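User: I am new to this structure and would like a close look at a single part of it, namely the place where two helices pack against each other. Please set that part in its surroundings as you go.

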Amino acid sequence: MQEKRNTESATDIELLIDESVNGNADDFGRIYDLYVERIYRHVYYRVGNTKDAEDLTQQVFINAWKAIGRYKKTTSPFIAWLIRISHNLVIDHYRKKKDTTYFEYEWEIKDSYSSPEKSVEKYFEQQQLRKVIMRLPSEQQQVILMSFIEGFTYAEIASALNKTEGNIRVILHRALKKMQQRLQTEQL
Amino acid sequence: MESIKDILAVCIEDIKEGRRTLASCLAIYPDKRQQLEPLLKIALSIKEPPSFRPAKDFKIKARVQLMEYIHDSRSKKTSWKRFLRSGIREIWHPVQLRTAMIIVAILLVFSGLGTGTVYAAGNSLPGETLYPVKIATEQVRSLLTFNDTAQIELELAFADTRLQEIEALVNKNVNSLTVGVEGYKRNITNAVEKAESDSDTGVSSNELETISLALLQHVSVIDEINDSVVSTGEEAVRQALGFAFTAQHRVLRSLAEDDPLRATEINIISMQNRLNRAKNNANEGEIMEAEYALIQFQEMLKFSEEITKIAREFGHSTTDISALNLSAATTQLEIIGNMQGKVSSEIIDSTKECVGESLEYHKRESKGSPGNGNNTPTEPGNTPEEPGNSPEEPGNTPEEPGNSPEEPGNTPEEPGNTPDEPGNMPEEPGNTPEEPGNTPDEPGNMPEEPGNTPEEPGNTPEEPGNTPEEPGKVSV
């Protein structure tokens with residue numbers, strides 16, 4: 001059954017979405033199978049711990065089911081719609097916590113670099129980048145993550161966020177400038 | 001002349017696509033190098049971190065809970081339909097209902113429908129024109145049966161019919177299939193409620209056992225139906241399976257009050273069936289199904305402790321009950337061990353840990369250790385097990401007692417997972433319906449969040465650099 005779920009073609013996915021929009025829970029279950037890992041990864045990047053990532057991921061799909069009847073196809077892929085829901089939930093999650101303490105990632109330091117020192121250095125570099133990203137305004141965060149972590153094109157991001165590609169370029173530029181300023185400040 | 005934002009965007013895309021390198025991009029725009037280089041370096045250093053995969057247990061549990069949520073929300077939405085179909089029984093007084101149904105029966109027989117129609121309806125499926133006649137006929141038969149045991153058997157026979165309907169509809173029509181599943185639930189609930197009402201008079205052990213054995217059989221049938229799902233119906237079939245398990249536990253709880261040993265035996269058969277299913281699925285490469293069965297096995301294992309507690313509360317000896325569970329554990333561990341390498345090690349480990357904990361629990365019970373309430377004056381024959389003589393002896397199992405497995409995944413009780421959580425309510429104001437994730441049903445949206453509407457200032461190319469910090473965002 002697992003294989004069956006993982007071999008869905010683009011057309012199959014379209015059909016699954018159509019059926020889900022029509023209220024077919026089984027097909028929505030397959031959409032869950034297809035996208036749960038990606039949504040989890042996105043959420044985990046932002047909350048940095050398993051417990052919250054699991055809670056929020058589950059809630060993303062519940063919210064998606066609630067809203068699926070109003071889903072309209074755009075030029076952006078369906079996953080972008082789910083990521084948008086994830087984004088809103090994460091924002092809400094932090095807002096409810098009120099506590100602005102950052103969670104350090106529960107990341108393993110992988111020996112994928114030439115030396116352990118290099119691995120540790122890369123680990124801290126990514127941690128620092130993540131912190132800076134998480135301090136960006138919501139929309140800039142979203143564009144940065146969709147572009148660099150999720151790998152969407154500008155056109156896809158624009159469609160998902162209901163903006164023009166020009167808007168996205170501006171937001172991206174601002175976000176990187178802000179990151180640059182903050183990284184410089186932290187290094188001083 | 002191109003602006004820095006456009007150059008930056010083009011360079012990022014080109015580098016990501018492998019069309020250019022950082023150096024070649026900078027070489028094209030020498031006058032912008034000073035601004036461009038640091039931004040590009042930051043952009044290219046943002047990488048997806050490794051090892052971000054959800055636990056398999058979580059994926060399965062979250063899926064099951066999602067499907068349960070969908071089902072529950074659907075049931076609430078269609079409650080008025082259920083009222084018309086079957087809820088009448090719950091609302092009307094039984095005497096009124098019986099009278100009404102007898103009148104319906106008489107009308108059916110003497111009306112234009114006649115016996116031919118009623119006979120023809122017998123083969124109809126949910127969604128077909130004659131199906132309501134079939135259900136009405138069944139209800140009339142039930143109402144005209146005055147012996148409690150016969151009524152229970154009748155409801156179980158109707159439940160069998162529902163399973164046949166489900167089998168016929170799987171892969172075909174999901175809405176009709178759901179009707180069949182709802183019907184199955186209704187028939188089982190009727191049977192259980194009848195047996196439980198009899199249990200108040202102390203005569204229902206046989207009836208409860210009959211239902212319990214029927215449910216064992218139903219689970220096997222539903223498993224087979226589940227295996228035959230290739231397109232639609234998986235969620236509905238899983239609902240039926242989940243309901244059969246829940247009903248089984250309810251029946252065994254009642255049975256345990258009178259005959260806990262029999263309840264234990266049936267629960268052990270149920271566990272064995274789950275393990276066999278997990279083993280067969282694992283051998284056939286159906287990993288998710290195998291893991292799902294193992295999770296169900298773990299729940300049944302925990303339930304065995306509940307049966308023991310009920311037995312104790314009702315003044316029964318728990319020694320034999322625990323001895324039965326201990327003897328079953330040897331086979332269980334052997335089967336689980338044979339699945340090593342075929343399913344994820346996490347699920348194998350957590351299952352073994354559950355068996356280990358269960359072993360410890362039942363060892364304490366069988367030895368009648370003080371404080372567990374097992375040495376009551378009514379149990380003079382509670383002799384402790386001779387240490388070293390059972391295969392469950394500490395040291396013979398891989399599980400260290402006290403190492404309770406972390407339950408990955410979310411339970412419905414956990415905060416953040418319920419649709420009723422504050423902040424996740426459909427009533428949350430300020431959400432615009434056009435946006436995905438910002439619909440009135442969508443939690444987590446901040447109406448005041450700038451940038452969620454195209455006309456929001458600060459997001460147009462004309463005003464670069466003027467974005468205010470957005471409210472409600474994380475700041476350190």
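Analyst: In this predicted model, chain A has nine helices and zero strands, so that reading along its sequence gives the pattern α-α-α-α-α-α-α-α-α. Of the 188 residues in chain A, 61% are buried, and the accessible surface of the chain comes to about 7,100 Å², with 51% of that area belonging to carbon and sulfur atoms. Among the contacts in chain A that join residues at least 6 apart in sequence, 65% are between residues at least 24 apart.

The part to look at closely is the pair formed by helix α3 (residues 25-47) of chain A and helix α7 (residues 138-149) of chain A. Two packed helices are described by the angle between their axes and by the distance between those axes. For α3(A) and α7(A), the angle is about 130 degrees and the axes lie 12 Å apart. The pair is therefore oblique, because an angle between 115 and 145 degrees is neither roughly perpendicular nor roughly antiparallel. The crossing in which α3(A) passes α7(A) is right-handed. On the α3(A) side the residues that meet the partner helix are A:His42, A:Tyr45 and A:Arg46, while on the α7(A) side they are A:Gln141, A:Leu145 and A:Ile149.

This pair can also be placed within the nonpolar interior. The largest nonpolar core has 82 residues, and those with the most contacts inside it are A:Ile144, A:Leu176 and A:Met179. Helix α3(A) gives the most to this core, with 12 residues. Leaving aside residues up to four places away in sequence, A:Ile144 touches A:Leu176 and A:Met179, and its other partners are A:Ile133, A:Leu136, A:Ile149, A:Leu172, A:Ala175 and, from the other chain, B:Ile46. A:Ile149 thus appears in two settings, as one of the residues of α7(A) that meet α3(A) and as a contact of A:Ile144. Apart from this core lies another, of 69 residues, among them B:Ile188, B:Phe297, B:Met339 and B:Cys354.

A loop elsewhere in chain A deserves a remark as well. A:Asn162 sits between α8 (154-161) and α9 (165-187) of chain A, and it has a positive phi of about 60 degrees although it is not a glycine. Its relative accessible area is 47%, which means that A:Asn162 is partly exposed.

Chain B, which completes the surroundings, has 16 helices and zero strands. Of its 476 residues, 50% count as buried, and its accessible surface comes to about 22,200 Å², of which 55% belongs to carbon and sulfur atoms. Among contacts in chain B with a separation of 6 or more, residues 24 or more positions apart account for 67%. Chain B also has an asparagine with a positive phi, B:Asn171, where the value is about 70 degrees. B:Asn171 lies in the loop between α9 (148-169) and α10 (174-199) of chain B, and with a relative accessible area of 25% it is partly exposed. B:Asn281, by contrast, is placed in helix α13 (residues 260-283) of chain B and counts as buried because its relative accessibility is 3%. Not counting residues up to four places away in sequence, B:Asn281 touches B:Glu286, B:Glu289 and B:Ala290.

Notes: Residues are numbered from 1 along each chain as its sequence is written. Chains are lettered from A and ligands numbered from 1 in the order in which they are written. This is a predicted model: local features need pLDDT of at least 70, side-chain atom pairs count only at pLDDT 80 or more; totals for chains, interfaces and linings use all residues. Side-chain values use heavy atoms; hydrogens and water are left out. Helices (H or I, at least four residues) and strands (E, at least two) are DSSP runs, numbered from the N terminus. Buried means under 20% relative accessible area, exposed over 50%, partly exposed in between (1.4 Å probe, protein chains only). Contact means heavy atoms within 4.5 Å. A nonpolar core is a set of buried Ala, Val, Leu, Ile, Met, Phe, Trp, Tyr and Cys residues joined through side-chain atoms within 4.5 Å. Accessible areas come from the Shrake-Rupley method with a 1.4 Å probe; for residues, only the protein chains shown count as cover. Axes are lines fitted to C-alpha atoms, for helices over the stretch in contact, and angles run from 0 to 180 degrees between N-to-C directions. Angles under 35 degrees count as roughly parallel, over 145 as roughly antiparallel, 65 to 115 as roughly perpendicular and the rest as oblique. A crossing is left-handed if the near helix is turned anticlockwise from the far one by less than a right angle, and right-handed if clockwise.
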